[in-house]
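Me: I'm new to this one and would like to understand the words used for it. Could you show it to me and then take my questions?

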Amino acid sequence: MKKNLTAWLCLLPAIIFLGVFMVYPLVDVLIYSFEEGYNFASQTSFGTGTYNYSYVLHDPYFIQALKNTFIIVIITVPLSTGIALLISLLLSNIKALRDFFQTVYFLPYVTNTLAVGLVFMILFKKTAYSDGLVSLLIQFFGGPSVDFIDGPYWAKMFVMCFYTIWIVMPFKILILTSALASVNPMYYKAALVDATPKWRIFFKITLPMISPMVFYLVITGFIGAFKAYSDEVALFGTDLNAAGMNTIVGYVYDMLYGNSGGYPSYASAAALILFAIVFTITTINLMVSKKTVYYQ
Amino acid sequence: MKIVLEHLTKKFPGISKKDKSEVIAVNDFNFEIPDGKLIGLLGPSGCGKSTALNLICGLEKPTNGRIIFGDLDVTGLPPENRGVGLVFQNYALYPHLTVYDNIKFPLENLRGKDKLTKEQMDAKIQEVAKLVQIENLLERRPSEMSGGQQQRVAIARALVKRPQVLLLDEPLSNLDARLRLQTREELKRIQQETGITTVFVTHDQEEAMSISDTIVVMKDGVLQQMGEPQSIYDEPINLFVASFLGTPQINVFDGYIKDGGVYIGEAKVLDAKGQPDGDVSVAIRPEGFVLDSNGPLECEFVTREVMGRDTSFVAKHDKFRGEKLRAIIPSEEIYDGKDGKVRFSLKPSKVHIFDGKTDERIKL
Amino acid sequence: MNELENKKIEEKARTSEKVRKAVMYSLLTVWAILVLFPFYWMILSSIKSYGSYNSEYIPKFFTLSPTLENYVTAFTAVPLARYFFNTLIFTVVTTALMMIVVILSAFAFARLDFKGKDIVFSLFLSLMMIPNELVIITNYVTITNLNMRNTFMGLILPSVTSVFYIYLLKENFEQIPENLYKAAKVDGTSDFRYLWKVMIPISKPTLVTITILKVIECWNSYVWPRLITDDQNYFLVSNGIQEIRENGFGRENVPAMMAAVVVISVPLVVLFLVFRHKIMEGVARGGTKG
């Protein structure tokens, strides 16, 4: 009996915090999303139904956010995983300076994304004083002058994806280098003695052996990219709708708070739609990985 | 194909931070492996035998010296151009591939005029699978097989591209005792059927003795002795080789030579006509003892272990190097053990005398 | 095969190795430059004077007259020190509270026996799948209703529990042989003394990992503080930098902005450079077990 009590006492803080800040909100968000015409001030609603969902799905801002999010996901996840794989392979093949490179590559992980985002903005932005370093570089090679921050959509999307990749790279490189290091070197020796070409060693031995980690990165990469938000704020400011660069998560927050805020019902509906998308994509990912990934 | 090693030396830079001095893993190796023979590289762990193997297959580049396959100098050649097959201690089977695909792997690497069709590959795989008797396992994954089966697959994979030289690194050390006996006979059979020059590395002297045509004994990177198993056992060149070969271990006593006789303590055990006086080690094989109530060597009797055909006598002697000595005596010999003493005379062919300072053998 | 052909193969192998090395190092260097350049640019811009920065249509890659005036501006024109201090308090208190909550729960799950343990643990685990975005809406409403907007309590409380870290630590605690626990019981050691004297010291690497990950998370947190604070006195650095970007210094004082960015980035970068092996190992471990 006394033992039971100690255990529950130990768990008490966690249970309280999780109950108040996770379990209750989870139920609550569902309720919110079905309450029509909820008024934040009086905390009353007209009734229940699926109007909130239909409103969100017909909101052009949400459609834009959905589109932006999907573009970010589709571009950054494969690209960042691929580049990270290449860099990790190179890293595991060198001895000199390896520690140096690894340290440098990890730096973005420990920096404040909003702070460094500001630096990216400066590098890409066109101002009255300067066209921005990147634009000047493009002009130097004979290209047109582009404002990546307030300019055309594709230019903004380019910076967005570039910055996102820059931010997620350290984690992926780190995970992949340690995955590569865990492959027993004797397999490489065996392959070497058998005159296996380098590309074949990679596709037939290395890749299958680290495939669980690659898929882990793809899955977490998808989830992370679908939740993109603060990187966007860092580059384009808090009014993402005006910049046309909003994301689903940004839409949720905008509905909740700020100038356009005060609609927790719409925010909840949008959050649940996001959750449904992420859940579906993750399930598909897992099904694909079962078929293709080799697990020991 | 015969293999010649000339002044082969491999030095590694020191790893420890304090001591940067080089480690010499292989020190000035010179020997010739005749075509079609099975050679055992034998030595305690850390003696450089695996390095020697890696040098032969090209995974390591020698610091000095040359490696010659047939008439060709292959010293600087990368492993893939040497035509060697290598079997690893842990087999190194690709865990995500079936046995069939594992064996096929080296064949698929062949390019240009050596490129094989699917049918040719299949024929080769079936042939080698039959040789090592794994025809019915081809669809399995390595994790679904026993250690012995994995070992066979590893050998099949090494053999399938018909290497000129087959190298095996501690091939049996991961198997249990029974499988080890079985597999080592298999190895011998496969080697004889294919006639491929084979080098294998082991720390197990019994294993080396039982299947090698020739044994190379190593210690601290230095070649100690090379020869047929029996001749090394009978004529060890130094104390290390004598102690390393044979189970139970050879019994070593502190002794000395005086006036043309070999003495252990007060007892004169052998004649040593014409030998200068001095301290020596007297090493007696367990089977070199003969129960003899008038024998010169008197020991304190400890116990007797009956092993069926033979009896093992455990005894003490204050000149013995170590705790207890062990003598193997045919079981029919009678011992009463009344006074707690046991007396032996010695078979001269089973006793080796080594110089007290250099540990080199003194031939009587 | 003959001797001559062998020599050719050797030669080819050696040159291709050299080419390979050169290509590898150049690719790695390119990425290193891409990573380092923003940092270089931020430091460089922060030591250019306001006038010289704005007069460079084509920005210079170096400056011959470095100045610290921007740092002075950063600390005087906006309450940067305040943001800094807030973040420090937020980080330390959140991390400390979380460690207590996490250690106690992990201990209960790993070493104590009680009715319903398995059910509670699987409930905990299932919470791991819930994305933060889903619960943040209600939490925002809850904190607002509790009148805890613009307080440290409001900032801190929702993030003092982490199911993932409880899980990570529980796994680690369970690797400590149970015999130690039994021996301690025989000696009459209390549960909490055992936790404090045996389990925590043994699990130090994992605890350090969790602390580091949490500190990084706290230092960079942006979304929740933004929802919960609109009073500058409670801004964390991320919100502060956003505020500076949109309203501070007048929009065009880039050098002062960069000075603020440098100040904000320095603590974690220094922490990282000092403990880099530990941090990288920790992130790899924390990452792969999820």
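Reply: Happy to help; what follows is a set of questions about terms, each answered from the structure. This is a predicted model, in which local features need pLDDT of at least 70, side-chain atom pairs count only at pLDDT 80 or more, and totals for chains, interfaces and linings use all residues. Residues are numbered from 1 along each chain as its sequence is written, while chains are lettered from A and ligands numbered from 1 in the order in which they are written.

Me: Why is Lys12(C) called exposed?

Reply: A residue is exposed if 12 or fewer other C-beta atoms lie within 10 Å of its own, buried if 20 or more do, and partly exposed in between, with C-beta atoms placed from the backbone. Lys12(C) has 12 other C-beta atoms within 10 Å, so it counts as exposed. You will find Lys12(C) in helix 1 (residues 3-46) of chain C; helices (H or I, at least four residues) and strands (E, at least two) are DSSP runs, numbered from the N terminus. The C-alpha atoms of Lys12(C) and Thr209(C) are 47 Å apart, and 197 residues separate the two along the chain.

Me: What makes helix 13 of chain C largely enclosed by the rest of the structure?

Reply: Eight of the ten residues of helix 13 (residues 237-246) of chain C are buried, so the rest of the structure largely encloses it. Among them are Val237(C), Asn239(C), Ile241(C) and Arg245(C). The cover over these buried residues includes helix 5 (113-124) and helix 10 (230-236) of chain A, as well as helix 4, helix 11, helix 12 (223-228) and helix 14 (254-274) of chain C.

Me: How do you describe the packing of helix 4 of chain C and helix 11 of chain C?

Reply: Two packed helices are described by the angle between their axes and the distance between the axes. Here helix 4 (residues 80-111) of chain C and helix 11 (residues 204-220) of chain C have axes that come within 9 Å and cross at roughly 140 degrees. Such axes are lines fitted to C-alpha atoms, for helices over the stretch in contact, with angles from 0 to 180 degrees between N-to-C directions. Residues in this contact include Phe90(C) and Met98(C) of helix 4 of chain C, and Ile210(C) and Trp219(C) of helix 11 of chain C; two residues are in contact if their C-beta atoms, placed from the backbone, lie within 7 Å.

Me: Why does the largest nonpolar core lie between the two domains of chain C?

Reply: A nonpolar core is a set of buried Ala, Val, Leu, Ile, Met, Phe, Trp, Tyr and Cys residues joined through C-beta atoms within 7 Å. The largest has 262 residues, and those with the most contacts inside it are Leu118(A), Ala270(A), Ala260(C) and Val261(C). Domain 1 (2-69) and domain 2 (73-286) of chain C both give residues to this core, so it lies between them. Domain bounds come from an automatic or database domain assignment. Helix 7 (residues 153-181) of chain A gives the most to the core, with 15 residues.

Me: How far apart are the centres of those domains, and how many residues make the contact?

Reply: Taken over C-alpha atoms, the centres of domain 1 and domain 2 of chain C are separated by 36 Å. Their contact takes ten residues from domain 1 of chain C and nine residues from domain 2 of chain C.

Me: And what makes up chain B?

Reply: Chain B has eight helices and 21 strands. Of its 364 residues, 41% count as buried. Seven residues of chain B are in contact with six residues of chain C.
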